[in-house]
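Let's take a friendly walk through a protein–DNA model. Please keep the sequence and the coordinates open as you read.

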2 protein chains.
Amino acid sequence: MPRPRSLTPAQLASAALHVIDHDGLAGLSMRAVAQQIGMSTMALYRYVNDRDELERLVVDLVFGAVDTTPPAADRPWHQRIEIMADRVRDTVGAHPGIVPLIIAHRHRSTHLLGWSETVTGILAEGGLDGRDRVIALRSLSAYVIGAIQLEHLGPLGGPGTQVMAELPPTEFPYLTETATHARTVTADEEFHGGLANLLRGMTAETGRPA
Amino acid sequence: MPRPRSLTPAQLASAALHVIDHDGLAGLSMRAVAQQIGMSTMALYRYVNDRDELERLVVDLVFGAVDTTPPAADRPWHQRIEIMADRVRDTVGAHPGIVPLIIAHRHRSTHLLGWSETVTGILAEGGLDGRDRVIALRSLSAYVIGAIQLEHLGPLGGPGTQVMAELPPTEFPYLTETATHARTVTADEEFHGGLANLLRGMTAETGRPA
DNA sequence: CTTTTAGGTGTACGGCATACGCTAACGATG
DNA sequence: CATCGTTAGCGTATGCCGTACACCTAAAAG
């Protein structure tokens, strides 16, 4: 009987995401989002308790676009994990500004739970059980989160590598040498190479062939 | 010839760290740090260009406490990597509030470069070269960063696991089952277990025995 | 001493999240 | 069709924040 809402949470999140994509995470403010929508700042508080909740909506919106259906079971399990990891990486890569938000709100996104469920299932089919599976899931999460951050906050080809290359070789012999090779490694190779290492280690643990 | 400085950068960073340890990262402000020191807010700007630089000082102070000397070479290389990882984890664990600062300022800390140099050297002694070593270093960094964040922003025994355990089992069969085992895994086991997986994978790659 | 330089302070501005109280739009009911 | 209860949306105000700027003054060099 009362006045109907003119906005869905998804529309609100979408407006906030648009602000982030356009002006970066630093540009995200209640005022900016309100302007993007064409409402007053305080109107947003009818949809959201505080800024934190708005950020959560954004994370949920982005993760909602991640496909959580299990990949075809005829591939080896480690390859299926790789597909799942790539799906997250690709989705986040389309909105790199939200990376810090993911870390803060990761555990409150229901869509991410769906992703975890699928991954856990694949791990189980790979022969991992009990405590080993707990550790496998957590270390996979840690790697994916860390690698995505590294990729977007300090990319391989970026200034960080440049700094490494220009260090005094006498004091940093290994780093300077490694930096020269770093230029030839793409972001894809880096992500997949590290993931392959982790999966190989989990494989070796169970004694199951890759 | 002019008036001498009454503060070292380290003292400034220490005051800021004290604020963070006491009131959390959200409590960190130029005003709060100035009050902690007993100076006016604007006095800080004689030592630091902006808040960002203050944060950088904090990260440098904390990482300065990380021992970067190579561990005794008579241990197997993967064990030496583990020691290096533990040093970072222990140091950050003493000041969990700075975790988000690490991510933002990681690449500008000279002490962290020293840590990377030592780790890279150990990887080299472990038989990793060229592009494999680049990937090994980056995946190690990704894992350590991600795992530390997971540990402090969403610990295993925390509400996240509780949520997982209470999910509808029909929809999340694997997650709910995994959650029951999660209670028995400590933070140490989780961190070392995942790291062991990663190192095993790197070992397998080179064909070198662990 | 005086001079010079930089350390330290006080004030002010614009931007932020958000508490609070008002107005008016709308669906349901008579 | 008239009325009413509910609540969407807005305007205002408060108290934070970082920091630009002008000022005063401590203290070292001459």
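The report below goes from the fold of one chain to the pairing of the copies and then to the DNA.

The model is predicted, so local features need pLDDT of at least 70 and side-chain atom pairs count only at pLDDT 80 or more, while totals for chains, interfaces and linings use all residues. Residues are numbered from 1 along each chain as its sequence is written, chains are lettered from A and ligands numbered from 1 in the order in which they are written, and side-chain values use heavy atoms, with hydrogens and water left out.

**The fold of chain A**

Chain A has 10 helices and 0 strands; helices (H or I, at least four residues) and strands (E, at least two) are DSSP runs, numbered from the N terminus. Its C-alpha trace spans about 65 × 50 × 25 Å along the principal axes. Of the 210 residues in chain A, 49% count as buried, where buried means under 20% relative accessible area, exposed over 50% and partly exposed in between (1.4 Å probe, protein chains only). Among contacts (heavy atoms within 4.5 Å) in chain A between residues at least 6 apart in sequence, 66% join residues at least 24 apart.

**Helix α4**

Which helix holds Arg89(A)? Arg89(A) is found in helix α4 (residues 77-93) of chain A, and at 8% relative accessibility it counts as buried. Beyond its neighbours within four places in sequence, Arg89(A) is in contact with Ile148(A), Glu151(A), Ala187(A), Asp188(A), Phe191(A) and His192(A).

In chain B, helix α4 (residues 77-93) has 17 residues, which should span 24 Å at 1.5 Å a residue, and its end C-alpha atoms are indeed 24 Å apart. That expected span is 1.5 Å times one less than the number of residues. The buried residues of α4(B) include Trp77(B), Arg80(B), Asp86(B), Arg87(B) and Arg89(B).

**Two copies**

A rotation of 180° with 0.1 Å of shift along its axis superposes chain B on chain A, with an RMSD of 0.1 Å. The two copies are thus related as by a two-fold rotation axis. Both copies use the same surface, since 98% of the contact residues of chain B recur in chain A. The superposition is by least squares on the C-alpha atoms of residues with pLDDT of at least 70 in both copies.

**The DNA strands**

A residue is near a strand if one of its heavy atoms lies within 4 Å of it. Of the 24 residues around DNA strand D, Ser6(A), Ser40(A), Arg46(A), Tyr47(A) and Arg51(B) come nearest. Around DNA strand C there are 24 residues, of which Ser6(B), Ser40(B), Met42(B), Arg46(B) and Tyr47(B) come nearest.

Of the atoms within 4 Å of the protein, 55% belong to sugar or phosphate in DNA strand D and 54% in DNA strand C; the rest belong to bases. The surface near DNA strand D has 13 nonpolar, 4 polar and 7 charged residues. Here Ala, Val, Leu, Ile, Met, Phe, Trp, Tyr, Cys and Pro count as nonpolar, Asp, Glu, Lys and Arg as charged, and the others, Gly among them, as polar.

Some polar contacts (pairs of N or O atoms within 3.5 Å) to the strands are listed here.

| Protein atom | DNA atom | Distance |
|---|---|---|
| Arg5(A), polar side-chain atom | phosphate oxygen, strand D | 3.1 Å |
| Arg31(B), polar side-chain atom | base nitrogen, strand D | 2.7 Å |
| Tyr45(B), polar side-chain atom | phosphate oxygen, strand D | 3.0 Å |
| Met30(A), backbone N or O atom | phosphate oxygen, strand C | 3.1 Å |
| Arg31(A), polar side-chain atom | base nitrogen, strand C | 3.0 Å |
| Tyr47(B), side-chain N or O atom | phosphate oxygen, strand C | 2.7 Å |

Definitions and conventions: Polar contact = N/O pair within 3.5 Å; in protein donor to acceptor, adjacent residues only side chain to side chain.
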